[in-house]
Amino acid sequence: MLIYRAQTGARPGVPPSTGDGFLSNGKPVTEENVLELLRQLEQDWPHGTVWGTHNTPGTHKNEVPSTAANRVMDVYWVSEYYGCSGYASMVSSLVFGDKANPGRKQDDLTEMRPGDIVFVVSPDGVVGHVVIALESPNQEGRFHYTDGNSGEIITWPSTEHPDIRSYSLTGFSGGRIPHHLEVWTRYPENVPFTGESVEAWPAISGS
């Protein structure tokens with residue numbers, strides 16, 4: 001990946017799929033290996049990169065093969081290319097691959113893992129936001145995430161960006177009406193939840 005960027009100046013696409021149970025880099029699907037890829041993506045798509053929407057000229061959109069991730073987006077009728085959902089689809093694909101590791105809804109939100117797709121849903125079923133979880137929830141139900149359309153930029157949590165807050169499983173209002181979280185995972189069912197990625201991302205002051 002580093003050689004590719006050095007030679008072309010471009011960001012890499014999704015490598016050929018290696019099948020279910022393996023990530024886009026050929027490593028087995030584990031929380032540790034997913035975290036490794038997410039940290040690399042933070043370097044490839046750093047905090048502050050303009051993402052935007054289809055109404056904003058000159059912004060990034062999802063241009064990587066995203067078959068499995070897009071099927072998840074289709075469940076909620078959200079964009080597979082632009083805005084927060086397009087970014088989430090791209091990150092999911094760059095981690096889990098194009099067609100391998102199909103998504104499934106996670107019933108137990110406490111078993112959320114890095115790389116899972118998180119939808120913020122209103123009581124009437126309308127999606128208000130889509131993010132990618134970066135860790136499993138802590139005892140308070142809070143977790144950090146990466147977002148592709150916060151003020152039309154990509155955000156990653158770090159000690160340098162204390163304004164980025166974490167979500168909570170116990171409730172999310174969005175400042176207006178109550179919302180709830182719905183989570184989709186691309187970890188194969190035979191990969192057990194370990195809980196080892198709780199607070200795996202840099203802590204944010206006050207979160």
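Select Val131 to begin: in this predicted model, the residue is buried, with a relative accessible area of 1%, and is found in strand β3. If you display its surroundings and set aside residues up to four places away in sequence, you will find that Val131 touches Asp116, Ile117, Val118, Tyr145, Thr146, Asp147 and Tyr167. One of these, Asp116, is 15 residues away along the chain, and the C-alpha atoms of Val131 and Asp116 are separated by 8.5 Å.

**Strand β2**

Next, select β2 (117–121), where five of the five residues are buried, so the strand is largely enclosed by the rest of the structure. Turning the view along the strand, you can follow Ile117, Phe119 and Val121 pointing one way, while Val118 and Val120 point the other way. On one pairing, β2 runs antiparallel to β3 and is joined to it by five bridges, with Val130 in β3 as the bridge partner of Phe119. Follow the chain from β2 to β3 through their hairpin, which has five residues between the strands, and stop at Gly125, which takes a positive phi near 90°. Then bring in β8, which is also antiparallel to β2 and joined to it by five bridges; here Val121 stands opposite His180.

**The whole sheet**

Now show the strands together. Six of them form an open sheet with antiparallel pairing, in the order β1-β8-β2-β3-β5-β6. The edges are β1 (104–106) and β6 (153–155), each of which pairs on one side only, and neighbouring strands of the sheet are turned by 30° against each other on average, direction ignored. To inspect the β6 edge, select β5 (residues 145–150) with β6, which pair in the antiparallel sense over two bridges; Asp147 has Thr155 in β6 as its bridge partner.

Add helix α3, which packs on the sheet and touches β1, β2, β3 and β8 (180–185), its direction making about 10° with that of β2. Helix α4, in turn, lies across β2, β3, β5 and β6, and runs at about 140° to β5.

**Two nonpolar cores**

With the helices in view, which residues have the most contacts inside the largest nonpolar core? They are Leu38, Met90, Val91, Val95, Ile117, Phe119 and Val130, within a core of 35 residues. The elements that give two or more residues to this core are α2 (31–44), α3 (67–76), α4 (83–96), β2 and β3 (127–133), and α4 gives the most, with eight residues.

Colour Val120, Val131, Tyr145 and Leu181 separately, as these are included in a second, separate core of 10 residues. Val131, where the tour began, therefore belongs to this second core and is, as noted, buried at a relative accessible area of 1%.

Return to Phe119 and display its contacts, leaving aside its neighbours within four places in sequence: they are Val72, Met73, Tyr76, Val78, Val127, His129, Val130, His180, Leu181, Glu182 and Trp184.

**Aromatic pairs**

A search of the whole structure finds six aromatic pairs. Select Tyr76 and Trp184, whose ring centres are 6.3 Å apart and whose planes stand at 80°, so the pair is edge-to-face. This pair links distant parts of the chain, with Tyr76 in helix α3 and Trp184 in strand β8, 108 residues apart, and both residues are buried.

Move on to Trp156 and Trp201, a stacked pair with 5.9 Å centre to centre and 20° between the planes. Trp156 lies in the loop between β6 and β7 (167–168) and Trp201 in the segment after β8, so the pair ties together parts that are 45 residues apart in sequence; Trp156 and Trp201 are buried. A further stop is the aromatic cluster formed by Trp45, Trp51 and Tyr87.

**Zooming out**

Finally, show the whole chain, which has four helices and eight strands, running from the N terminus as α-α-α-α-β-β-β-β-β-β-β-β. Buried residues make up 49% of its 207 residues, and among contacts between residues at least 6 apart in sequence, 70% join residues at least 24 apart. With a surface drawn, the accessible area of the chain comes to about 10,000 Å², of which 52% belongs to carbon and sulfur atoms.

Key: Residues numbered from 1 in each chain as written. Predicted model: local features only at pLDDT ≥ 70, side-chain atom pairs only at ≥ 80, totals over all residues. Heavy atoms only, no water. Core = buried A, V, L, I, M, F, W, Y, C linked by side-chain atoms within 4.5 Å. Buried < 20%, exposed > 50% of the residue type's maximum accessible area, 1.4 Å probe, protein only. Contact = heavy atoms within 4.5 Å. Pairing = 2+ DSSP bridges. Axes fitted to C-alpha atoms, helices over the stretch in contact; angles between N-to-C directions. Areas by Shrake-Rupley, 256 points an atom, 1.4 Å probe, with all protein chains shown as cover. Phe/Tyr/Trp six-rings, centres within 6.5 Å; stacked < 30°, edge-to-face > 60°.
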